[in-house]
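Q: Got a minute to go through a structure with me? I'd like to start with one residue and then move on to some helices.

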Amino acid sequence: MATLRLILGDHLTRDVTALDGLAAGDVVLMVEVAEETTYVPHHKQKIAFILSAMRHFAEELRGEGIAVDYVRLDDPGNSGSFGGEVKRALARHAVDRLVVTEPGEWRVRAMMEAWAGETGLPVEIREDDRFICSRGRFARWAEGRKGFRMEFFYREMRRETGLLMEEDKPVGGQWNYDAENRKALPKGARPPRRLRFSPDAVTREVMDLVGARFAGHFGDLEPFGWAVTRADALAALDHFITEALPHFGDVQDAMKRGEPFLYHGLLSPYLNVGLLTAREVCLAAETAYRRGEAPLNAAEGFIRQILGWREYVRGIYWHRMPDYAETNALGADRPLPWFYWSGETDLACIAEVVGETRRNAYAHHIQRLMVTGNFALLAGIRPAEVEAWYLAVYADAFDWVELPNVHGMVMFADGGLLASKPYAASGAYIDRMSDYCSGCVYDPKIKVGEGACPFNLLYWHFIDANAETLKGNPRMAMPYRTWEGMESGRKAQVLNEARAFLDGLSAEPSAPRPPAQMTLDV
């Protein structure tokens, strides 16, 4: 029985389940398609990264003597869709069935489930076992819970994997060292120069294609420095563990102008397309700790990002979709400001983060949560538009990881299923954790009146506008006590200035939105 085995652009792992039982006569199908790409203008580097990684993976398979049928984006006859390319491949090859590993998007899963009826051949959709927590295991953990808290899930994963454990106790006596990891970057700190990779001939060919075909998309194509092979991704992992992890813990929430990477892993794109696996990355961090090469708070903080948040949001995605994406607990309905695409704003923090995102297809978690995300939350931006932006602009953004992080963590649109309270903050937080505010036309120390930081105004506007929904949340008791104790005239001034600022967002002229006719979802 010959089998057609479809490998998607985020399944670039040699032992992905779609390749289990590979036999003589089987054909591996890999396709570059444009069908799913019209709703977000993906960053040029994201497209180039995925396509180049796919082409390199295909060549590695061919090097093993495996038959690979690879359809390029610009190949004549390319139908532009997964379904269309599967049907064309079935017409080219004498096979008896189709095997694929489950995708990272609900909608694509639904598409795959229709292929058996459309083609008349059996279609086997296999579990993606590259994750530490299976969908079934998460469902058992979630059963009967009204709210999902990552910390409790994370502890169970620690126990099951044995990571940073001494028998049944956490190493060091604590599960979580987050309280130690909230320091601003010390003056004079010199983050390491990060390992980047020069494009080879394959990547250059892809970059030429992307530059010509996706010219109107968000983001700079160069400089391009992402690893596109497993060997280079492993080198990037080793570099992080050696050069950055030892300093990662204390300042993982810090931000600094001109330092987009600081001590962060820069590994999430490789994890999310399959060049690295979650287990090997966590083991590398644990090994560094046990060898005395990294402090416990750094190793634990990094492992929590992978074993905790990454596994957790994937579980929520599959447990609650498709209805999860439709919730809007705070009724946010303001359109996304144009400066999320252009970076043209007097808000220095947003200008800096959007600029770095444009240059690198990357921003670290605090920039995403507490700068661009915080503003979107406070301003009441429509969740679906915010989610589409995050999906478009980051190289590591796939629906299963982007949607819960933005919908639940950033926008609180799920009403508290994922997070126990909204991650809302005034300008003081950004000032404390970064150097963005120095030189900004607004002053985070001014709460109202001329020069007041819009984050300060919008924070109290958010508190006031969402009182009916949030006032009963115990974790929001302090800001509501402060708001209620504020003098009425000052409250009115704050709200009036906040409304004027928000009205200015929608009234400001902007260039047309980037074209979305040629985006990439693989």
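Q: Is Arg-204 buried, partly exposed or exposed?
A: This is a predicted model, to begin with. In it, Arg-204 is partly exposed. Its relative accessible area is 35%. That value falls between the cut-offs of 20% and 50%, so "partly exposed" is the right label.

Q: Where does Arg-204 sit, and what does Arg-204 touch?
A: Arg-204 is in helix 7, residues 201-213. It touches Pro-199 and Glu-222. That leaves out residues up to four places away in sequence.

Q: How far apart are Arg-204 and Thr-277?
A: In sequence, 73 residues. In space, 26 Å from C-alpha to C-alpha.

Q: New topic. Which residues of helix 6 are buried?
A: Met-150, Glu-151, Phe-153, Tyr-154, Met-157 and Arg-158.

Q: Why do they end up on the same side of helix 6?
A: Because they cover an arc of only 155° around the axis.

Q: What do those buried residues pack against?
A: Two helices and two strands are listed: helix 5 (135-142), helix 11 (296-320), strand 6 (165-166) and strand 7 (169-170).

Q: How many residues does helix 6 have, and what is its reach?
A: Helix 6 runs over residues 150-161 and has 12 residues. From first C-alpha to last, helix 6 reaches 16 Å. That is close to the 16 Å expected at 1.5 Å a residue.

Q: And what happens just after helix 6?
A: Gly-162 comes there, with a positive phi of about 80°.

Q: Which residues does Glu-286 touch?
A: Gly-162 is one of them. The others are Leu-163, Leu-164, Met-165 and Ile-303. Again, residues up to four places away in sequence are not counted.

Q: Is Glu-286 buried or exposed?
A: Glu-286 is buried. Its relative accessible area is 10%, and buried means under 20%, so the label follows. Glu-286 lies in helix 10, residues 278-290.

Q: Switching again. How do helix 15 and helix 16 cross?
A: Their axes come within 9 Å and cross at roughly 135°. Helix 15 covers residues 383-393, and helix 16 covers residues 399-410. Helix 15 passes helix 16 in a right-handed crossing.

Q: Why are helix 15 and helix 16 called oblique?
A: Angles over 145 degrees count as roughly antiparallel, and 65 to 115 as roughly perpendicular. The angle of roughly 135° is in neither range, so the two helices are oblique to each other.

Q: Which residues meet there?
A: From helix 15, Pro-383, Val-386, Glu-387, Tyr-390 and Leu-391. From helix 16, Asp-399, Glu-402, Leu-403, Val-406 and His-407.

How values were computed
Residues numbered from 1 in each chain as written. Predicted model: local features only at pLDDT ≥ 70, side-chain atom pairs only at ≥ 80, totals over all residues. Heavy atoms only, no water. Helix = DSSP H or I, 4+ residues; strand = E, 2+ residues; numbered from the N terminus. Expected span 1.5 Å × (residues − 1). Buried < 20%, exposed > 50% of the residue type's maximum accessible area, 1.4 Å probe, protein only. Arc of directions from axis to C-beta. Contact = heavy atoms within 4.5 Å. Axes fitted to C-alpha atoms, helices over the stretch in contact; angles between N-to-C directions. Parallel < 35°, antiparallel > 145°, perpendicular 65-115°, else oblique. Left-handed = near helix turned anticlockwise from the far one by under 90°.
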